[in-house]
Amino acid sequence: LKTTEGRCLAPQAIAAAKGSGRRDHDAAPSLIQEIRVEPLDVAFQGYTYKSEIAFAVGRGRAPVVLVFPNYAGKKQFDVDQAVFLAQAGYVGVAVDLYQEIPEYTHADRNP
């Protein structure tokens, strides 16, 4: 579910595992949480790679999981996986690995 601002809302909470030795950042999120997806631009050797980061608003520190795309480059599917990870209590980063070139633009990656 996405808001008009592009933010995602988690449809359900994750059950907390009592007595499992989990740390505070592993605790189950609230029943409905706001997941924010923001650009994460990384400049390297004169090119800016356009990754995206997904996280739960107000959750605090959490482990980061990198989502690497397949041979076709970062697509909406990879961003959706990062959102899923944010809903599960992590910070998800959909990594952009390939430069955009005239023959293969970012728009070509999402048919």
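Student: How many helices and strands does the protein have?
Tutor: This is a predicted model, and the protein in it has 1 helix and 5 strands.

Student: OK, and in what order do the elements run from the N terminus on?
Tutor: They go β-β-β-β-α-β.

Student: Tell me about that helix. Which residues are in α1, and what does it reach from its first C-alpha to its last?
Tutor: α1 covers residues 76–87, so 12 residues, if you take the numbering as given. It reaches 16 Å from first C-alpha to last, close to the 16 Å expected at 1.5 Å a residue.

Student: Which residues of α1 are buried?
Tutor: D78, V79, A82, V83, L85, A86 and Q87 are buried there.

Student: And what's up with the phi of G89, which follows α1?
Tutor: The phi of G89 is positive, near 105°.

Student: Switching topic: what pLDDT does the protein average?
Tutor: It averages 79, and 70% of the residues score at least 70.

Student: Where does pLDDT stay under 50?
Tutor: Over residues 1–22. The model does have 35 contacts beyond four places in sequence for that stretch. Still, where pLDDT is low, the predicted coordinates should not be read in detail.

Student: Fair enough. Back to the whole chain: what share of the residues is buried?
Tutor: Buried residues make up 29% of the 111 in the protein.

Student: And what about the exposed area, how much of it do carbon and sulfur atoms supply?
Tutor: The protein exposes about 7,300 Å², with carbon and sulfur supplying 57% of that.

Student: Last one: among contacts with a separation of 6 or more, what share comes from residues 24 or more positions apart?
Tutor: Those account for 58%.

Technical notes: Residues are numbered from 1 along each chain as its sequence is written. This is a predicted model: local features need pLDDT of at least 70, side-chain atom pairs count only at pLDDT 80 or more; totals for chains, interfaces and linings use all residues. Side-chain values use heavy atoms; hydrogens and water are left out. pLDDT is the predictor's confidence in each residue, from 0 to 100. Contact means heavy atoms within 4.5 Å. Helices (H or I, at least four residues) and strands (E, at least two) are DSSP runs, numbered from the N terminus. Buried means under 20% relative accessible area, exposed over 50%, partly exposed in between (1.4 Å probe, protein chains only). Accessible areas come from the Shrake-Rupley method with a 1.4 Å probe; for residues, only the protein chains shown count as cover. The expected span of a helix is 1.5 Å times one less than its number of residues.
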